[in-house]
Amino acid sequence: QVQLVESGGGLVQAGGSLRLSCAASGRSLSTYAMGWFRQAPGKEREFVATISWRGDITYYADSVKGRFTISRDNAENTVYLQMNSLRPEDTAVYYCAAPRSIATTAQMMRDMAFVESWGQGTQVTVSS
């Protein structure tokens with residue numbers, strides 16, 4: 001099973017930026033769609049962004065569209081989430097996710113039912 005390790009979280013003021021990284025080991029993810037999800041206190045985990053294995057197709061939650069950018073470096077087995085214009089409502093633990101099947105598309109990965117592996121999460125706190 002693949003191991004995912006997120007990094008890059010922290011405390012930032014509203015309007016600021018952070019870049020999250022997700023490093024994978026144990027399996028090459030170069031041919032798998034990947035995704036980012038988040039969970040705020042007292043709320044359910046929710047989809048943030050997904051990316052196809054080529055990196056040419058991306059999906060975003062409406063709440064982050066235009067502010068967040070998902071990308072990947074298959075040579076480094078790493079996925080990124082660039083977060084700009086951060087808002088207090090973006091405060092959450094952010095999780096990297098990998099699917100069960102190579103056949104899972106970026107569109108399908110918006111549904112957590114297709115996720116097999118989760119990272120440990122990285123805390124993002126946005127102050128007002």
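These legends go with a set of close-up views of a predicted model.

**View 1. Arg38, Glu46, Arg67 and Asp90 join up in a network of salt bridges.** The structure has five salt bridges in total, and this view takes in those of the network. Start with Arg38 and Glu46: their closest N and O atoms sit 2.7 Å apart. Arg38 is buried, with just 5% relative accessibility, while Glu46 is partly exposed at 37%. Arg38 also has a salt bridge to Asp90, with 3.0 Å from N to O. That second contact links distant parts of the chain, since Arg38 belongs to strand β4 (residues 34-39) and Asp90 to the loop between β8 (78-83) and β9 (92-99), 52 residues away.

**View 2. Asp90 also forms a salt bridge with Arg67.** Here the closest N and O atoms are 2.8 Å apart. Arg67 comes from the loop between β6 (58-60) and β7 (68-73), and Asp90 from the loop between β8 and β9, so this pair ties together parts that lie 23 residues apart in sequence. Is Asp90 buried or exposed? It is buried, with a relative accessible area of 1%. Arg67 is buried too, at 8% relative accessibility. Buried here means under 20% relative accessible area, so Arg38 at 5% makes the cut as well, whereas Glu46 at 37% does not and counts as partly exposed.

**View 3. Four strands make an open sheet in the order β1-β3-β8-β7, with antiparallel pairing.** Which strands sit at the edges? They are β1 (3-7) and β7, each of which pairs on one side only. On average, neighbouring strands of this sheet are turned by 15° against each other, ignoring direction. As a reminder, strands of a sheet pair through backbone hydrogen bonds, in either a parallel or an antiparallel way.

**View 4. Strands β3 and β8 run antiparallel and are joined by six bridges.** For a landmark along this pairing, look for Arg19, which stands opposite Gln82 in β8.

**View 5. Edge strand β1 pairs with β3 in the antiparallel sense over five bridges.** Leu4 stands opposite Ala24 in β3, which gives a handy place to begin. In a regular strand, side chains alternate between the two faces of the sheet. In β1, Leu4 and Glu6 make up the covered face, and Gln3, Val5 and Ser7 the uncovered one.

**View 6. One cavity of 30 Å³ or more turns up in the model.** This cavity holds about 40 Å³ of space. What lines it? The lining consists of Cys22, Ala24, Leu29, Met34, Arg72, Asp73, Asn74, Asn77, Thr78 and Val79. The elements that supply two or more of these residues are β3 (18-25), β7 and β8. By type, the lining splits into five nonpolar, three polar and two charged residues. Ala24 is worth a second look, because besides lining the cavity, this residue of β3 stands opposite Leu4.

**View 7. Asn77 has a positive phi, near 55°, without being a glycine.** Most residues other than glycine have a negative phi. Asn77 lies in the loop between β7 and β8 and is one of the residues lining the cavity of the previous view. With a relative accessibility of 17%, Asn77 counts as buried.

**View 8. Ser85 is another non-glycine residue with a positive phi, this one near 50°.** Ser85 is in the loop between β8 and β9, and that loop also contains Asp90 of the salt-bridge network. How accessible is Ser85? It is partly exposed, with a relative accessible area of 40%.

**View 9. Thr104 sits in the loop between β9 and β10 (115-118).** Although placed in a loop, Thr104 counts as buried, at 7% relative accessibility. The view also includes Val2, which is 102 residues away from Thr104 along the chain. The C-alpha atoms of Thr104 and Val2 are separated by 16 Å.

Definitions and conventions. Residues numbered from 1 in each chain as written. Predicted model: local features only at pLDDT ≥ 70, side-chain atom pairs only at ≥ 80, totals over all residues. Heavy atoms only, no water. Salt bridge = Lys/Arg side-chain N within 4 Å of Asp/Glu carboxyl O. Buried < 20%, exposed > 50% of the residue type's maximum accessible area, 1.4 Å probe, protein only. 1 Å grid on protein atoms, 1.4 Å probe; cavity = no way out; pocket = protein on both sides within 12 Å on 5 of 7 lines; lining within 4 Å. Points joined across faces, edges and corners; volume = space filled by probe spheres on them. Nonpolar A, V, L, I, M, F, W, Y, C, P; charged D, E, K, R; others polar. Pairing = 2+ DSSP bridges. Axes fitted to C-alpha atoms, helices over the stretch in contact; angles between N-to-C directions.
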